[in-house]
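Here is a quick walk through one protein model, written for someone who would rather look at residues than at scores. Keep the viewer open as you read.

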Amino acid sequence: LMYDQRAMLMAFTLAEIPFLLLASMIFVVCFYFLVGFEVLAYKFFLYYLFFTLNLGLYTFTGHMLMSIFADSVTAQGFGGIVVGLSSLFCGAIIRPQNIESFWIFAYWAVPSHYIFEGLVTSQFNNDDTPIEPSAGSDFCAFVANSNNDCTIATCTQC
């Protein structure tokens with residue numbers, strides 16, 4: 001290469017920052033109000049912070065994989081593995097209580113676990129709203145079957 005690797009790293013990082021901030025803001029403005037989260041400025045900006053960190057994490061992981069491997073096909077293959085394992089062990093797909101003791105290190109080592117935890121706790125901290133299943137939904141049937149009780153008043157499907 002003609003340039004020093006530190007100069008290239010700084011150039012890539014500085015070039016990505018405006019994109020990360022703008023893309024995160026566009027997504028968060030659309031998604032935050034669409035979902036119906038509480039309209040408080042500090043909760044909005046916490047969600048924006050954690051989403052920007054998440055986008056930055058995966059963007060710079062992609063940059064790292066592109067610099068490690070010789071071609072983009074191999075980097076994309078390993079990127080899929082990294083994203084898959086990160087999604088698997090972040091606590092959204094498999095609850096931490098259900099992860100085998102041998103694999104629990106992955107739950108604590110994956111950075112997306114902390115981002116997911118920050119997204120959830122920033123929005124639902126001190127929220128005591130009960131979650132009621134809608135009548136006839138799959139979630140209602142799941143709740144009725146998990147309680148071995150098909151007499152839930154709001155659930156008509158068992």
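For sorting residues by chemistry, Ala, Val, Leu, Ile, Met, Phe, Trp, Tyr, Cys and Pro count as nonpolar, Asp, Glu, Lys and Arg as charged, and the others, Gly among them, as polar. Before we use that, some housekeeping. This is a predicted model, in which local features need pLDDT of at least 70 and side-chain atom pairs count only at pLDDT 80 or more, while totals for chains, interfaces and linings use all residues. Residues are numbered from 1 along each chain as its sequence is written, and side-chain values use heavy atoms, with hydrogens and water left out.

**The pockets**

A pocket here is an open set of points on a 1 Å grid over the protein atoms alone, where a 1.4 Å probe fits and there is protein on both sides within 12 Å along at least five of seven lines; lining residues have an atom within 4 Å of a point. Points are joined across faces, edges and corners, and a volume is the space filled by probe spheres set on them. Helices are DSSP runs of H or I with at least four residues, numbered from the N terminus.

The largest pocket comes out at about 350 Å³. It has 11 lining residues, and the closest to its centre are Met8, Leu9, Phe12, His63 and Ser67. Two elements, α1 (5–35) and α2 (41–68), give two or more residues each to that lining.

The second largest pocket has a volume of about 250 Å³. Its lining runs to 16 residues, with Val82, Leu85, Ser86, Val110 and Pro111 nearest the centre. At least two lining residues come from each of α2, α3 (72–89), α4 (104–109) and α5 (111–124), and α2 gives the most, with five residues.

What is the chemistry of the two linings? The largest pocket has seven nonpolar, four polar and no charged residues, and the second largest has 13 nonpolar, three polar and no charged.

**One side of α6**

For burial, under 20% relative accessible area is buried, over 50% is exposed, and anything in between is partly exposed (1.4 Å probe, protein chains only). Helix α6 covers residues 138–146, and its buried residues are Cys140, Ala141, Val143 and Ala144. They sit on the same side of α6 because they cover an arc of only 160° around the axis, the arc being that of the directions from the helix axis to the C-beta atoms. Asp138 and Phe142 are exposed on the other side of α6. An α-helix has 3.6 residues a turn, so residues three or four places apart point the same way.

**Cysteines**

How many disulfides are there? A disulfide needs a pair of cysteine sulfur atoms within 2.5 Å, and the count comes to zero. As for surroundings, cysteine 30 is exposed at 52% relative accessibility, whereas cysteine 90 is buried at 9%.

**Single residues worth a click**

Threonine 61 belongs to helix α2 and is buried, at 17% relative accessibility. Its side chain reaches the backbone oxygen of leucine 57 at 2.6 Å. A polar contact is a pair of N or O atoms within 3.5 Å; within protein, one must be able to donate a hydrogen and the other to accept it, and residues adjacent in sequence count only if both atoms are side-chain atoms.

Asparagine 126 is in the loop between α5 and α6. It is exposed, at 70% relative accessibility, and its phi is positive, near 60°. Most residues other than glycine have a negative phi.

Helix α3 holds alanine 75, serine 72 and phenylalanine 78. Alanine 75 is buried at 5% relative accessibility, serine 72 is partly exposed at 35%, and phenylalanine 78 is partly exposed at 38%. Here is how each of them is placed against a partner elsewhere in the chain.

| Residue in α3 | Partner | Apart along the chain | C-alpha separation |
|---|---|---|---|
| Alanine 75 | Tyrosine 114 | 39 residues | 25 Å |
| Serine 72 | Phenylalanine 142 | 70 residues | 43 Å |
| Phenylalanine 78 | Leucine 14 | 64 residues | 25 Å |
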